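Q: Please take a close look at one part of this model, the hairpin of two paired strands, and then follow it outwards to what surrounds it.

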Amino acid sequence: MRCSRAVLMICVLLVACTPDAAPPFTPTPPLAFTAPEFHELDFTEQRRLMVETGVLAWGVEDPAVLEAMETVPRHEFVPVGYLSMAYENHPLPIGYGQTISQPYIVALMTQELNVEAGDRVLEIGTGSGYQAAVLAELGLEVYTIEIIEPLAQQATERLPRLGYDGVQVRHADGYYGWPEMAPFDAIIVTAAPDHVPQPLLEQLKVGAVMVIPVGPVGGYQELWRILRTGETTVQTTSLGGVSFVPFTRDSGSP
Ligand code: SAH
């Protein structure tokens, strides 16, 4: 009895050791398998979808603006950690407490500027440089001011690298505009002050438009389209409620 049990054990062991009985071999997936989504992101298709569903479907229809939005590589303006969200219709952090605006808002503000190729435009709030790139894509002469030095520095490097080498970036408090290059055919402000800076109004050509969000920090802000109708007159139209980062002031500002 004891002997036959031993024989049985040996048989079991032998069977277990034969190649057929070995657990099936599962090859380790190649490393690339974990990342194709990342590497094969079709940014062109994502951009087309962003424009179709987040810009055109939301009412921005200017063909030149749509084309510019479909051309500028937004993913180059967002931190790597947010790459997969680059073409979603919401703002994203760009560091230093600031954000790159939502694509729809960029498109709306650009459309409302009522500009044409060759016009000179001033942007206050360079941030990532994305809005400036969209303006440059329209064939505009772009001047942009950023108050946070590292952001100004990054945009100064990023824009020419992406082919937008005509964009002039300045590190300064944009409250005072860019008097040497005034007057402008349009002014776009991408941070929200609690009032419209007078120097910016003065640097706007008569007949030109400024698009600017105005409102208290953390409170209700309204996006205004301000048409300068004369030396001392303006016509304002509300483009609706918005949420922008605050327009800050240099501690050295008067
Ligand atoms: N247009 C940007 C969005 C930037 S968010 C883009 O496309 O990415 C607004 C930017 O305005 C921030 O970078 C902020 O630092 C800047 N800003 C705030 N107050 C400013 C001021 N007084 N002068 C210039 N830039 C200012």
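A: In this predicted model, Leu92 stands opposite Ile100 of strand β2. That pair belongs to the pairing of strand β1, residues 92–95, with β2, in which the two strands run antiparallel and are joined by three bridges. Two residues lie between the strands of this hairpin, and Tyr96 takes a positive phi there, near 55°.

From the hairpin, β2 leads to the ligand. Strand β2, residues 98–100, supplies at least two residues of the shell around the ligand, as do helix α6 (130–137) and strand β4 (141–146), and β2 gives the most, with three residues. The shell as a whole has 24 residues, of which Gly125, Gly127, Ser128, Gln131 and Gly174 come nearest to the ligand. By class, the residues of the shell divide into eleven nonpolar, ten polar and three charged.

Strand β4, named above as a contributor to the shell, also takes part in an open sheet of seven strands, whose order is β5-β4-β3-β6-β7-β8-β9 and whose pairing is mixed. Because β5 (168–171) and β9 (234–242) stand at the edges of the sheet, each with a single partner strand, one side of each is left without a neighbour in the sheet. From one strand to the next, the twist averages 15°. Within this sheet, strand β7 (residues 204–214) and strand β8 (residues 221–228) run antiparallel and are joined by six bridges, and in this pairing Val209 stands opposite Leu227 of β8.

A further element to consider, after β2 in the sequence, is helix α5, residues 103–112, whose axis comes within 9 Å of that of helix α3, residues 43–56, the two crossing at roughly 70°. An angle between 65 and 115 degrees counts as roughly perpendicular, and therefore α3 is described as roughly perpendicular to α5. The crossing of these two helices is right-handed. On the α3 side, the residues that meet α5 are Met50, Gly54 and Val55, while Pro103, Tyr104 and Ala107 are their counterparts in α5. The contact of α3 with α5 has five nonpolar residues, one polar residue and no charged residues.

Taken together, β2 is the link between two of these topics, since this strand pairs with β1 in the hairpin and also gives three residues to the shell around the ligand.

Note on methods: Residues are numbered from 1 along each chain as its sequence is written. This is a predicted model: local features need pLDDT of at least 70, side-chain atom pairs count only at pLDDT 80 or more; totals for chains, interfaces and linings use all residues. A residue is near a molecule or strand if its C-beta atom, placed from the backbone, lies within 6 Å of it. Helices (H or I, at least four residues) and strands (E, at least two) are DSSP runs, numbered from the N terminus. Ala, Val, Leu, Ile, Met, Phe, Trp, Tyr, Cys and Pro count as nonpolar, Asp, Glu, Lys and Arg as charged, and the others, Gly among them, as polar. Two strands pair if DSSP finds at least two bridges between them. Axes are lines fitted to C-alpha atoms, for helices over the stretch in contact, and angles run from 0 to 180 degrees between N-to-C directions. Angles under 35 degrees count as roughly parallel, over 145 as roughly antiparallel, 65 to 115 as roughly perpendicular and the rest as oblique. A crossing is left-handed if the near helix is turned anticlockwise from the far one by less than a right angle, and right-handed if clockwise. Two residues are in contact if their C-beta atoms, placed from the backbone, lie within 7 Å.
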